[in-house]
Amino acid sequence: MKYILVTGGVISGVGKGVIASSFGTLLKSCGLDVTSIKIDPYINIDAGTFSPYEHGEVYVLDDGAEVDLDLGNYERFLDVTLHRDNNITTGKIYQLVIEKERTGVYLGKTVQVVPHITDAIQEWVERVAETPLQGSSKPQVCIVELGGTIGDIEGMPFVEAFRQFQFRVKRENFCLAHVSLVPLPKATGEPKTKPTQSSVRELRGCGLSPDLIVCRSEKPIGLEVKEKISNFCHVGPDQVICIHDLNSIYHVPLLMEQNGVIEYLNERLQLNIDMSKRTKCLQQWRDLARRTETARREVSIAIVGKYTKFADSYASVVKALQHAALAANRKLVLVFIESCQLEEETLQSEPSKYHKEWQKLCESDGILVPGGFGSRGMEGKIRACQWARENRKPMLGICLGLQAAVIEFARSKLGLKDANTTEIDPNTANALVIDMPEHHTGQLGGTMRLGKRTTVFSEGPSIIRQLYGNPKSVEERHRHRYEVNPKYVPRLEEQGMRFVGTDVDKTRMEIIELSSHPYFVATQYHPEYLSRPLKPSPPFLGLILASVDRLTQYIQRGCRLSPRQLSDASSDEDESVVGLAGATKSLRSLKLPGSPKKGISNGCNGSSSTSDGEGACGGVGISNGLE
């Protein structure tokens, strides 16, 4: 087993996750089986109770583990399925050691950070590294990312553990890559290496010497700067790699490959890679990166969320939209809208903000209403769903987005003006969304409906089922506590809302559609977690195609994109469609809710298919050489 440890210096958020994922991508493209581990030094057992403003989104794995968003990067880059043990936290390690102490495993000895905590860390890493991810073959390389920065007090036990670990597994099986920031102050106009020198000095003082120094910078750094870092940090010039800010993260593996990373790792870790086949290793990534550069026509998607001030709050949603946009050969333009700003209270208190946000929503090509928790901004999500429904604007709702769409439909079509969710109003007379039976009150961590579950499609025509490739069922990941109240389903269906997907017992509503709408789809599950760069999530692809008026043609072609649809070359038909789309954006023809309307409350408050159906990916056939 070979290990590559990725550490960070100077600042957090410098890009260790993408760098670690890129190491794995390079090695997997050379035919090696790769696994990965993310270490988070915080004391929490997992990320389940974090606010999105703490560490970004909470990513959910197949087994229901709530983990750091970097594991999402690993799964997307490597196209593997990770498990809860691939995420290590200080809380997990201390819980393990304390449980052993309570059961007498240490035979009355004094339990200390060294050796008991450090031994537990090393044993955990070795055990997970040997766990097969695909089939029965054991991984050959394990990428380990140590969160935080070198010098953080909470990360010191892990640093000490890896100081010991390098001798435990021998030098030829252990490589350390240190990611550091090289700032470019505007006052001087030249890159500064002192922060990197200090970071490496502190790392070496802990007993770890980097084999590779990955310099993150705003612009490319010259050979003179690399030689200076080499001279002061005890590495060769070829071991200093610059990764500057790029247009797309898909360029990062390619830039690392150009810097000779594959050759270095092959020699340093004795990987025995056949270098003669290297030119074909990353062809799919080259095609993907090229597509990010060549797509010219734009598609704008408005994300109506509660945590829009921090982009990482919706990291997987953004990535899934990017994957779908690339598949349709469109340049994605994201418009983040704070749902609170769409509410009636904002019209009274800050009318300029209210009208500005509504204008952004009206001018977008499509709308996405993502998940969330709590009452803040809920009425804004409901109003966005109503506007999308009434104006036939393509919309995708996820988790809370589905619940908002159902509540809005009940208020407008069933006349239930007090329809609500018990999460917000426990005493509502018309509880359209209720607590899940699986929810255990009192303890919040890990008590939601989590992980991969089966969704069974109902009989009858369905856009979303066709997008998946017409399977009988699909498996997607969930993260929620509340469900649509089954007793209201017949009444909702009488008015045109179709529940086209349920759980295996047909008691939990999983997917809704409006049959009279170009694309009004919402899912209780989170399809973004299984989206991959070369295999976009079907609900997201449907949203993008509907937003550019290409969904009907796509379905008619058996869920395959034609070369003309993938091309940026214009035609008379394309121009007429663009002209029509531009005309429909005119605010004169839109129902902009500048004042309270009937049916709008004034309160402020990839999937893997279980069928062998053709085209299941689901149903995304891209004839562009990416598959």
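# Exercises on a predicted model

At 57% relative accessibility, Lys 506 counts as exposed. Keep that residue in mind, since we'll come back to it below. The structure you're looking at is a predicted model, so treat each exercise as a reading of that model.

**Exercise 1. Work out how Lys 506 and Asn 470 differ in exposure, and find what is notable about their backbones.**

Step 1: Start with the cut-offs. Exposed means over 50% relative accessible area, buried means under 20%, and partly exposed is in between.

Step 2: Apply them. Lys 506 has 57%, so it is exposed. Asn 470 has 45%, so it is partly exposed.

Step 3: Locate both residues. Lys 506 sits in the loop between strand E19 (497-502) and strand E20 (509-514). Asn 470 belongs to the loop between helix H17 (463-468) and E17.

Step 4: Check phi. For Lys 506 phi is near 60°, which is positive, and the residue isn't a glycine. Asn 470 also isn't a glycine, and its phi is positive at about 60°.

Step 5: Recall the background. Most residues other than glycine have a negative phi, and most peptide bonds are trans.

Step 6: Look for a peptide bond that breaks the second habit. The bond from Val 114 to Pro 115 is cis, with omega near 20°. You'll find Pro 115 in helix H5.

**Exercise 2. Check what the end-to-end distance of helix H1 should be, then decide whether H1 is mostly covered or open.**

Step 1: H1 covers residues 16-29, which is 14 residues.

Step 2: At 1.5 Å a residue, these should span 20 Å. (The rule multiplies 1.5 Å by one less than the number of residues.)

Step 3: Compare with the model. The end C-alpha atoms are 20 Å apart, so the two values agree.

Step 4: Turn to burial. In H1, 12 of the 14 residues are buried, and the helix is mostly covered. Among the buried ones are Phe 23 and Leu 27.

Step 5: See what comes next. Gly 31 follows H1 and has a positive phi, near 95°.

**Exercise 3. Find which residues have the most contacts inside the largest nonpolar core, and which element gives the largest share of it.**

Step 1: This core has 51 residues. Those with the most contacts inside it are Ile 4, Phe 23, Leu 27, Ile 143 and Leu 265.

Step 2: The largest share, 6 residues, comes from H1.

Step 3: Zoom in on Leu 27. Leaving out residues up to four places away in sequence, its contacts include Ile 4, Ile 143 and Leu 265.

Step 4: Look elsewhere too. A second, separate core has 45 residues, including Val 369, Met 395, Leu 402 and Ile 424.

**Exercise 4. Describe the sheet of 7 strands: its order, its edges and what packs on it.**

Step 1: The sheet is open, its order is E5-E2-E6-E1-E7-E8-E9, and the pairing is parallel.

Step 2: Strand E5 (87-89) and strand E9 (240-244) are the edges, each pairing on one side only.

Step 3: From one strand to the next, the twist averages 20°.

Step 4: Now add a helix. Helix H5 (residues 113-129) packs on the sheet and touches E1, E2, E5 and E6. Its direction makes about 150° with that of E2.

Step 5: Pick one pair of strands. E7 (residues 174-181) and E8 (residues 212-217) run parallel and are joined by 5 bridges. Val 179 has Val 214 in E8 as its bridge partner.

**Exercise 5. Place Leu 432: which strand holds it, and what surrounds it?**

Step 1: Leu 432 is in strand E15. The strand belongs to an open sheet of 3 strands in the order E14-E15-E18, with mixed pairing.

Step 2: E14 and E15 (residues 431-435) pair in the parallel sense over 2 bridges.

Step 3: Helix H16 (residues 400-413) lies across E14, E15 and E18, at about 150° to E15.

Step 4: Leu 432 has a relative accessible area of 0%, so it is buried. Its contacts include Val 406, Ile 407, Ala 410, Val 484 and Leu 492.

Step 5: Finish with a distance. Leu 432 and Val 489 are 57 residues apart in sequence, and their C-alpha atoms are 9.1 Å apart in space.

Definitions and conventions. Residues are numbered from 1 along each chain as its sequence is written. This is a predicted model: local features need pLDDT of at least 70, side-chain atom pairs count only at pLDDT 80 or more; totals for chains, interfaces and linings use all residues. Side-chain values use heavy atoms; hydrogens and water are left out. Helices (H or I, at least four residues) and strands (E, at least two) are DSSP runs, numbered from the N terminus. Buried means under 20% relative accessible area, exposed over 50%, partly exposed in between (1.4 Å probe, protein chains only). Two strands pair if DSSP finds at least two bridges between them. Contact means heavy atoms within 4.5 Å. Axes are lines fitted to C-alpha atoms, for helices over the stretch in contact, and angles run from 0 to 180 degrees between N-to-C directions. A nonpolar core is a set of buried Ala, Val, Leu, Ile, Met, Phe, Trp, Tyr and Cys residues joined through side-chain atoms within 4.5 Å.
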